[in-house]
Amino acid sequence: MALVEAKELKKTYLAGDIPVEAIRGVSFSIPPASFVSFIGPSGSGKSTLLNMIGCLDPPTAGVLTVAGQDVSRMNARESAKFRGTHIGFIFQDFNLIPVLTVFENIEYPLLMVQNWPVQERKERVNTLLAAVGMQEQGYKYPHQISGGQKQRVAVARALVTRAELVLADEPTANLDRETALHIITLMKAMRDEFGTTFIFSTHDPKIVRNAETVFTLEDGQLAASKTEGGFHG
Amino acid sequence: MRLSYIVHELQHRSSRTLINILGIAVGIGLFVSINAVATGYQRAASLPFANLGADLIVQQAEKNQQLGQGGLSMRGIKLPFSNQVLSAEQWSTLRTIDGVAATSGALLLWEFLPGGFRTVMGVDLAQPDLGPVRLGQWLSQGHLPAQPGEAVMEKHYAKFRGVRLGDGLEIGGNPFKIVGLLEVREGAQVAAANIYLQLADAQALLGGAPAPLNVAYLRLRDPAEQQRIEQEIVKASPGLSVSSSDTFMELMGGVSMISGQFALVASVVSLLGAILLILKSMAASLVERAPEIGVLKAVGWTRRDIQAQLLGEAMVQCGLGGLLGLGLGYAGAFLVGTLSLSIATPWALNPLPAAAKIDELTGQVIQLPIRFSWELLTISLGIVATTGGIAALAMGRAAAKMRPADIFRKL
């Protein structure tokens with residue numbers, strides 16, 4: 001059974017009074033524990049598609065199923081609850097909360113969204129800190145760590161709720177080559193360890209090379225898809 | 001961790017938080033101090049009446065007839081010019097006006113002696129909770145006159161005259177014995193006299209009309225009806241003059257007169273200022289924190305969670321600002337309260353002849369009576385909660401409209 005399944009997905013924005021079709025009837029299927037990348041030029045609809053999969057933006061038409069639930073008709077409250085339990089996010093700008101420590105940045109989805117008991121919470125955060133190699137940095141604040149370390153924390157935050165799906169929008173765009181490679185390796189290791197599906201929108205060839213499935217978007221439509229077996233136009 | 005997150009947020013933006021807290025503190029401080037001082041003025045103005053248990057004092061000024069005074073000689077017992085004898089009809093009017101709960105009478109006399117003068121007041125002992133009889137609470141020695149021929153002397157006058165408890169003296173040629181000494185305090189000088197006698201003794205000294213009285217003390221069922229009753233008295237008996245705490249307020253000057261309105265205006269300005277300050281500050285903070293709000297929403301925070309967070313932040317700032325403001329406000333008010341306030345006596349209520357320039361008896365210096373008020377505290381906390389609530393509601397609505405997808409698109 002697919003973890004993410006889209007059928008004839010469409011998204012139209014209003015730019016002033018002019019409707020802009022950002023996604024034009026896209027269909028695809030992503031199985032669990034995948035490492036998937038959406039690529040394409042700027043404005044091709046990558047981020048829009050990720051926002052829809054992440055229940056941050058509802059589709060205008062079509063059906064979108066994530067973790068067995070039709071998310072295309074959810075209201076804001078249902079979407080928030082669904083995101084809190086099923087989906088993790090990694091952002092290009094890391095988006096850590098500056099006033100919380102590294103430990104607290106990873107912990108808050110468990111406390112403020114899922115309300116885990118203290119002991120379980122600590123164990124879970126420490127496990128993730130160790131998994132991303134940040135166990136010695138838990139007490140630090142975001143401004144006290146490097147960009148690569150921030151992205152490691154973001155990965156840990158995305159995984160802490162045992163999310164089945166992590167969406168990463170240009171996660172290596174603000175990192176140097178070596179750090180970016182480490183982050184990709186880390187995410188793949190996390191996929192292997194926790195069985196989490198990672199979906200990226202990216203321009204980064206390093207991610208593209210590591211992805212098991214690559215969807216190419218052009219003008220809001222799927223132009224091609226490639227699995228490790230080869231491209232399908 | 002919600003509280004911890006709130007505290008972290010406020011600490012992280014310490015300058016802004018401090019400005020908010022100080023802004024609210026100044027607003028609340030002004031509100032508290034202005035209201036406390038205004039209330040103090042009103043209380044000071046009402047002291048002369050409160051100490052007598054009366055809401056109104058009614059008298060009749062001279063109309064070229066001086067009952068029992070035997071011509072214009074300035075010797076012996078006289079009626080004060082502002083306190084002519086009230087007629088039986090006038091008494092009847094005062095007692096029957098709707099809203100008057102109790103009445104009590106007194107007879108104030110001047111005695112002119114070869115070496116000076118003194119004031120003598122006949123007190124109605126049958127009404128222990130209304131009128132000059134209440135000055136008995138400040139007896140420093142002895143007791144109120146219990147029998148004919150007994151008198152109580154004002155302490156300072158007794159000291160000046162070298163009179164002691166148990167001494168005898170003559171008033172209007174009649175012998176009296178001093179059975180008590182008292183000190184007139186707290187603005188009760190409208191009932192101040194050098195000597196207090198039983199009412200019948202004073203009436204006998206004046207002679208003439210049967211049982212004359214020249215001061216009426218009225219307690220009202222509802223003090224809010226004071227103005228209406230004053231008007232009815234003057235309408236029913238045009239020669240009467242009616243005094244109330246308002247009469248003192250007029251004499252106490254502009255600040256006391258406008259203090260009520262000023263307090264209201266200043267309070268509204270303070271409240272609006274505090275609300276605007278925190279709204280502006282939180283709005284700026286919201287713009288800065290857009291990515292943070294986007295992430296919080298992305299990980300599952302609902303609109304209610306965001307509103308709760310903003311409400312918490314606003315309430316902590318308002319709470320701290322409010323407490324600081326209360327402290328500052330009361331400190332300021334008590335500081336003003338240490339200043340002396342002179343309560344002058346209106347001419348009509350002055351017990352002394354106009355020629356007498358004895359300030360200690362015609363006016364009284366008191367400290368502004370500032371009191372801690374639970375009512376003011378409650379209102380202040382209400383303002384604080386309203387300020388925080390309005391700010392959080394406005395910002396919560398703005399934050400709720402922020403869609404994570406839009407936020408991330410703009411980053």
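Trainee: Which residue stands opposite B:Tyr217 in S10(B), if I start from B:Ser104 and read across?

Mentor: B:Ser104 stands opposite B:Tyr217 itself, in strand S10 of chain B. This is a predicted model, and the pairing is read from its coordinates. B:Ser104 is one partner of that residue, and B:Ile57 also stands opposite B:Tyr217.

Trainee: Which strands pair with S10(B), and in what sense?

Mentor: Strand S1 (residues 56-60) of chain B pairs with S10(B) in the antiparallel sense over three bridges. Strand S3 (residues 100-113) of chain B also pairs with S10(B) in the antiparallel sense, over six bridges.

Trainee: How many of the six residues of S10(B) are buried?

Mentor: Six of the six residues of S10(B) (215-220) are buried, so the strand is largely enclosed by the rest of the structure. B:Val215, B:Tyr217 and B:Arg219 point one way, while B:Ala216, B:Leu218 and B:Leu220 point the other way. Both sets are buried, the charged-type name B:Arg219 included.

Trainee: Now a helix. How far apart should the ends of H12(B) be, and how far apart are they?

Mentor: Helix H12 of chain B covers residues 374-401, which is 28 residues. At 1.5 Å a residue it should span 40 Å, and its end C-alpha atoms are 40 Å apart, so the two agree.

Trainee: Which residues of H12(B) are buried?

Mentor: Start with the general idea. An α-helix has 3.6 residues a turn, so residues three or four places apart point the same way. In H12(B) the buried residues are B:Ser380, B:Ile383, B:Val384, B:Thr387, B:Gly388, B:Ala391, B:Ala392, B:Met395, B:Gly396 and B:Ala399.

Trainee: What covers the buried residues of helix H2 in chain A?

Mentor: First the residues: in H2(A), residues 76-86, the buried ones are A:Ser79, A:Ala80, A:Arg83, A:Gly84 and A:His86. Their cover includes strands S4 (61-66), S6 (87-90) and S7 (165-169) and helix H3 (102-113) of chain A. Helix H9 (290-298) of chain B is also part of that cover.

Trainee: How many residues of each chain are in contact across the interface?

Mentor: 21 residues of chain B are in contact with 24 residues of chain A. On the chain B side, helix H1 (2-12), H9 and helix H13 (404-410) each supply at least two residues. That side divides into eleven nonpolar, four polar and six charged residues. For the complex, the predictor gives an ipTM of 0.86 and a pTM of 0.68.

Trainee: In what order do the strands of the open sheet in chain A run?

Mentor: Four strands form the sheet in the order S2-S1-S4-S5, with antiparallel pairing. The edge strands are S2 (18-30) and S5 (69-70), each of which pairs on one side only. Ten bridges join S1 (residues 4-15) to S2(A). As an example of register, A:Lys10 has A:Arg24 in S2(A) as its bridge partner.

Trainee: Which backbone angles should I look at in chain A?

Mentor: Most residues other than glycine have a negative phi. A:Glu8 has a positive phi of about 50°, and this residue is found in strand S1 of chain A. A:Cys55 has a positive phi of about 60° and lies in the loop between helix H1 (46-53) and S4 of chain A.

Trainee: Are A:Glu8 and A:Cys55 buried or partly exposed?

Mentor: A:Glu8 is partly exposed, with 13 other C-beta atoms within 10 Å. A:Cys55 is buried, with 27 other C-beta atoms within 10 Å. A:Pro58 is also found in the loop between H1 and S4 of chain A, and counts as partly exposed with 17 C-beta neighbours inside 10 Å. A:Pro58 and A:Arg73 are 15 residues apart in sequence and 7.3 Å apart in space, C-alpha to C-alpha.

Trainee: Where is the predictor's confidence lowest among the elements of chain A?

Mentor: Strand S11 (residues 230-232) has the lowest mean pLDDT, 48, and S4(A) has the highest, 95. Chain A as a whole has a mean of 89, whereas chain B averages 80. In chain B, pLDDT stays under 50 over residues 65-71, for which the model has eleven contacts beyond four places in sequence.

Definitions and conventions. Residues numbered from 1 in each chain as written. Chains lettered and ligands numbered in written order. Predicted model: local features only at pLDDT ≥ 70, side-chain atom pairs only at ≥ 80, totals over all residues. Buried ≥ 20, exposed ≤ 12 C-beta atoms within 10 Å, placed from the backbone. Contact = placed C-beta atoms within 7 Å. Nonpolar A, V, L, I, M, F, W, Y, C, P; charged D, E, K, R; others polar. Pairing = 2+ DSSP bridges. pLDDT = per-residue confidence, 0-100. Expected span 1.5 Å × (residues − 1).
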